[in-house]
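Visitor: I've got a structure here and a few questions about how its side chains pack and pair. Could you walk me through it?

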Amino acid sequence: MFRRPVVQVLRQFVRHESEVASSLVLERSLNRVQLLGRVGQDPVMRQVEGKNPVTIFSLATNEMWRSGENETYQMGDVSQKTTWHRISVFRPGLRDVAYQYVKKGSRIYVEGKVDYGEYTDKNNVRRQATTIIADNIIFLSDQIKEKP
């Protein structure tokens with residue numbers, strides 16, 4: 001069998017990599033989140049000086065499973081884990097609708113993207129925050145009541 005020397009293979013790889021880098025090929029990526037859960041607190045609207053306002057609320061999602069030896073026969077204890085998500089809505093129309101109609105306990109579906117950031121708290125300590133930037137909200141609760 002014919003075996004190419006390792007040096008030739010590496011040269012070919014390096015040449016290929018440099019050709020790709022010089023052609024400035026842009027690759028696509030995806031940052032998409034879908035959440036279905038219940039709102040944990042009424043939304044608040046915040047505005048930082050010089051920036052557009054944002055509506056912020058929390059959303060709880062639950063994961064349930066059965067523990068025990070015989071899961072197929074539905075025996076054993078049911079366990080549940082709740083995960084809390086911070087939802088931020090920047091889009092002007094959606095931001096106002098979310099502020100006006102989302103309320104604590106509402107069941108909603110949120111689509112958006114994950115955003116990781118840092119901020120400095122009141123004690124001047126740097127903290128990390130994970131936020132879902134919503135670009136679509138679907139209301140699933142039976143009634144939608146406008147806030148007074």
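Visitor: Which residues does Ile137 touch, leaving out those up to four places away in sequence?
Guide: Keep in mind that this is a predicted model. Ile137 is among the residues with the most contacts inside the largest nonpolar core, which has 16 residues. Setting aside residues up to four places away in sequence, Ile137 touches Phe57, Val89, Leu94, Ala98, Ile108, Tyr109 and Val110.

Visitor: And which elements give two or more residues to that core?
Guide: The core's best-connected members include Phe57, Leu59, Ile87 and Val89. The elements giving two or more residues are strand 1 (33-39), strand 3 (54-67), strand 4 (77-89), helix 2 (92-101), strand 5 (107-120) and strand 6 (126-139).

Visitor: Is Arg95 buried or exposed?
Guide: Arg95 sits in helix 2. Beyond its neighbours within four places in sequence, Arg95 is in contact with Met45, Asn52, Pro53, Val54, Thr55, Val89 and Phe90. Its relative accessible area is 9%, and the cut-off for buried is under 20%, so Arg95 is buried.

Visitor: Which residue forms a salt bridge with Arg95?
Guide: Side chains of opposite charge can pair when their charged atoms come close. Here the closest N and O atoms are 3.5 Å apart. The partner is partly exposed, at 37% relative accessibility. Arg95 forms its salt bridge with Asp96.

Visitor: How many bridges pair strand 5 and strand 6?
Guide: One bridge to look for puts Tyr116 with Thr130 in strand 6. The hairpin of these strands has five residues between them, and Asn124 takes a positive phi near 65 degrees there. Strand 5 and strand 6 pair in the antiparallel sense, and the number of bridges is 13.

Visitor: What stands opposite Gly37 in strand 5?
Guide: Strand 1 and strand 5 pair in the antiparallel sense over six bridges. Opposite Gly37 stands Ile108.

Visitor: Which residue forms a salt bridge with Asp121?
Guide: Asp121 is buried, with a relative accessible area of 19%. Its partner is partly exposed at 40%, and the closest N and O atoms are 3.0 Å apart. That partner is Arg127.

Visitor: Which residues do salt bridges that share partners join into one network?
Guide: The structure holds five salt bridges, one of them between the side chains of Glu118 and Arg126. The network formed through shared partners joins Arg32, Glu111 and Asp135.

Visitor: Last one: what is the accessible area of the nonpolar patch on the surface?
Guide: The patch is formed by Leu36, Ile138 and Leu140. Ile138 is in strand 6 and counts as partly exposed, at 38% relative accessibility. Together, the three have an accessible area of about 230 Å².

Definitions and conventions: Residues are numbered from 1 along each chain as its sequence is written. This is a predicted model: local features need pLDDT of at least 70, side-chain atom pairs count only at pLDDT 80 or more; totals for chains, interfaces and linings use all residues. Side-chain values use heavy atoms; hydrogens and water are left out. A nonpolar core is a set of buried Ala, Val, Leu, Ile, Met, Phe, Trp, Tyr and Cys residues joined through side-chain atoms within 4.5 Å. Buried means under 20% relative accessible area, exposed over 50%, partly exposed in between (1.4 Å probe, protein chains only). Helices (H or I, at least four residues) and strands (E, at least two) are DSSP runs, numbered from the N terminus. Contact means heavy atoms within 4.5 Å. Patches are made of residues with over 30% relative accessible area and no salt bridge: like charges are joined within 9 Å, nonpolar side chains (Val, Leu, Ile, Met, Phe, Trp, Tyr) within 5 Å. Accessible areas come from the Shrake-Rupley method with a 1.4 Å probe; for residues, only the protein chains shown count as cover. A salt bridge is a side-chain nitrogen of Lys or Arg within 4 Å of a carboxyl oxygen of Asp or Glu. Two strands pair if DSSP finds at least two bridges between them.
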